[in-house]
Amino acid sequence: MSSRIDPETVRRILDTADIVDVVSDFVKLRRSGANYKGLCPFHDERTPSFSVNKARNICKCFSCGKGGSPVNFIMEHEQLSYNEALRYLARKYNIEIIERELNDAERQAASDREAMLAVNEFALNHFEHNLTETEDGRNIALSYFRHRGINDAMIKRFHLGYALERSDALYSTAKSRGFTDHYLESTGLCLKSERTNSYYDRFKGRVIFPIHSVAGRVLGFGGRTMRSDKTVAKYVNSPESTVYVKNRELYGLYQAKSAIAKKDKCILVEGYMDVISMHQAGVENVVASSGTSLTQGQIRALRRFSSNVTLIYDSDAAGIKASLRGINLLLAENLTVKVLLLPEGDDPDSFAQSHSASEVEAYLKDHETDIIAFMIEILMRDVSKSDPIARAKVANTILQSVAMVSDQVLRMEYIGECARRLGLSENVVALQLQKFSAVRAEELEKEMRRQQARDVGRDIIPENGENAGKAEANTTPDNIRQESITSSVPDKNLVRAGSNTLLPYERMIMRYVTRYGLTYFCDLADADGNLQPGTVVDYVVADLSMDDIHISDPALSSVLEAVKKLRSDSWPDDRKSIEKEAGEERNRRIEAGHDEIRQVATDIYDIEKRERELAAEADAAYDERLRAFDTDYLQRRLLSSDDDTVRLISTDLISERYVLSKIHTKFAHVESEEEQLSTLVPRAIYELKAAILAGYIDDTKRRLAAVSPSDTETFEKLLRTIVEYQELQKEFAKTMGERIILPKHS
């Protein structure tokens, strides 16, 4: 690989791909008002809940939540990477893929990666050949798989193989095919002996389990020894490399991804044979962590296909006790986690081998248990009622896991369950859970601040293709509220409330930004004090920056950064081109209209009237084309971003249904959401600031309660601070109760 898709080609693909056309290749659609509807291709349903919006070029299932842009739909449906989906759409629309040349460093990195993948592909074929075409392979390895009950279909599906006992069998064959020592060593297939200064095969004498990427490329291998010698490691795996990063890969995900997406559930087991036997039994939505603790990278790879996970354990409680960290990571990533305990003496491999597919499915359905209830049962099993210290330790362990759950309704259910099962009052459980939650919120806050520290120095409002930066408090014209919301408070840095508390307010702001971020909003002052047309995102960033407020949710913050980058990088030049085209179209329309007017007008007054109407219509068409361009430009690029987080969060925000607040219901009959932006956007910002202020007041009250009665100076200072903030709260309430009118650009 010496090139990558040129950005202009990517833009052509994104602009050409039509969501109705793309989805229609897989789903039968029927028109429903302005949209199209059909049965969701991502889950089984009888009533259509899959909606396709041609105007916005997005689709969404309002049952399972999946959808997005044409690129996202193809990635999800066909299980392709971002670049693979782009190439798929380019082939569909006969768009020539133009690729730009890589620089020397990029070219070398791409060359190394492709060379290593090529070596791995060669090794895969070599191992497969050994298994079925050599005498040792058939007598030793194939007999082993037969003994374990693995059939030919599974051997082929998982590309199982065998490494011959001869120490250089792979190495000598690879060298004869032209592969170099460097790549054989960097992939870990071969090792160099310091004693003999010669190479030997890492996996010699082992059955081979290839590890695939989600796109099907061979990244590495696992090998099980055929010896009974206890001094030899039972399993050996490929080392970390450029192509194989262990903490991102799950064994069997390539084979299981379609079933996981279809069933909206992933079953997580421990070993290679567990996965293969479950697939052979007909349960295909199964992957393995390959005997290692779950990592955040693996969980996020899994989450791409489903948010529901079932962990399978044998009857030994040691398994779950050893895997608590992985369980907490799953909960922290907002996954729904259940656990299945197998009958005594069984593991997933033996259970699948001794039961039919229907029996396995039935057992899974009837015996999976909520993770917290299961933890209580397992961890309390060996704890004596007369040992309060041990019981308290178990209770804290369980509540630390509950603290990872962000859904407040589910938390309340867990509080009641824990109180009942642990023999504690709900108040005690809730208080302890609050402490653990506070610790977690503090950790998240620290991580957010570390991330924000890495972002320090980024500019605020782009100006003439460059970042203006340096946004001062006076960034709005005189007839817009200009003062900082903290101008009357000693400390201008508002203390942030917990991320979960602020999330709804930040989400509402980002909803307006993703939908209308590049549309004109009001005039804003640049660094020199001159007024310039400002977009929605300009206004939001400038207003928040006055009080040093940042979007605290990492996912929403990444979307805002993507919008700001589009605003400064590609949008200004692209919009100039559209302005030119729209202007030429307006002139042609007026010129054609004048010819028609001359033919039908009755007198000079009629001519003047018709010409005024023609000019107004042409101007309106010009403005509408630019408005549509601004909206579509941002949405198309966000919904087709190569950043998974930006693409998925933007899809959710843009497709989210809008519910009018009571304040604005009375305007609903005359105004669309876009027409109400002059009220809705400032109000959303004020609501976020009010929530931050409320958090600051609560924090100050807690500090006040902890002050010693003898420390009157600190007590009075904190009391004055609370009064000042409460006064500011009243101003907020007054401001948010008024309809804010912004000036129109003239």
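These exercises, with worked solutions, use a predicted model.

**Exercise 1. The first sheet**

Task: Find the order of the strands in the open sheet that contains β4 and β5, and name its edge strands.

Solution:
- Step 1. Begin with strand β4 (residues 50-53) and β5. They run antiparallel and are joined by 4 bridges.
- Step 2. Move on to strand β6 (residues 67-68). β5 and β6 pair in the antiparallel sense, over 2 bridges.
- Step 3. Write out the whole order. The open sheet has 5 strands, β2-β3-β4-β5-β6, and the pairing is antiparallel.
- Step 4. Pick the edges. β2 (30-32) and β6 each pair on one side only, and these are the edge strands.

A general point helps here. Strands of a sheet pair through backbone hydrogen bonds, and they may be parallel or antiparallel.

**Exercise 2. A closer look at β5**

Task: List the bridge partners in β5 of Val52 and Ser51. Then describe the hairpins and the side chains of β5.

Solution:
- Step 1. Val52 has Cys59 as its bridge partner in β5.
- Step 2. Ser51 has Lys60 as its bridge partner in β5.
- Step 3. Follow Lys60 into β6. Its bridge partner there is Gly67.
- Step 4. Check the hairpin of β4 and β5. It has 4 residues between the strands, and Asn57 takes a positive phi near 60°.
- Step 5. Check the hairpin of β5 and β6. It has 5 residues between the strands, and Gly65 takes a positive phi near 90°.
- Step 6. Sort the residues of strand β5 (residues 58-61) by direction. Ile58 and Lys60 point one way, Cys59 and Cys61 the other way. All of them are buried.
- Step 7. Look for a helix. Helix α26 (residues 644-655) lies across β5 and β6, and runs at about 85° to β5.

**Exercise 3. A mixed sheet**

Task: Describe the open sheet that contains β17, then place helices α11 and α16 against its strands.

Solution:
- Step 1. Write the order. The 5 strands run β15-β14-β16-β17-β18, and the pairing is mixed.
- Step 2. Find the edges. β15 (286-288) and β18 (369-370) each have a single partner strand, so one side of each is left without a neighbour in the sheet.
- Step 3. Zoom in on strand β17 (residues 336-341). It runs antiparallel to β18, with 2 bridges joining them. Lys338 stands opposite Asp370 in β18.
- Step 4. Add helix α16 (residues 357-367). It packs on the sheet and touches β14, β16, β17 and β18. Its direction makes about 120° with that of β17.
- Step 5. Add helix α11 (residues 272-280). It lies across β14 (266-269), β15 and β16 (308-313), and runs at about 170° to β15.

**Exercise 4. Two helix residues**

Task: Ile697 and Phe715 both sit in helices. Decide for each one: buried, partly exposed or exposed?

Solution:
- Step 1. Place Ile697. It belongs to helix α28 (residues 677-705).
- Step 2. Apply the cut-off. Buried means under 20% relative accessible area. Ile697 has 5%, so it is buried.
- Step 3. List its contacts. Leaving aside neighbours within four places in sequence, Ile697 touches Tyr725, Gln726 and Gln729.
- Step 4. Compare sequence with space. Ile697 and Gln729 are 32 residues apart in sequence, and 9.7 Å apart in space, C-alpha to C-alpha.
- Step 5. Place Phe715. It belongs to helix α29 (residues 712-736).
- Step 6. Apply the cut-offs again. Partly exposed lies between 20% and 50%. Phe715 has 37% relative accessibility, so it is partly exposed.
- Step 7. Find the patch. Phe715, Leu719 and Val723 form a nonpolar patch on the surface. Together they have about 240 Å² of accessible area.

How values were computed. Residues numbered from 1 in each chain as written. Predicted model: local features only at pLDDT ≥ 70, side-chain atom pairs only at ≥ 80, totals over all residues. Heavy atoms only, no water. Patch = residues over 30% accessible without salt bridge, like charges linked within 9 Å, V, L, I, M, F, W, Y side chains within 5 Å. Areas by Shrake-Rupley, 256 points an atom, 1.4 Å probe, with all protein chains shown as cover. Salt bridge = Lys/Arg side-chain N within 4 Å of Asp/Glu carboxyl O. Buried < 20%, exposed > 50% of the residue type's maximum accessible area, 1.4 Å probe, protein only. Pairing = 2+ DSSP bridges. Contact = heavy atoms within 4.5 Å. Axes fitted to C-alpha atoms, helices over the stretch in contact; angles between N-to-C directions.
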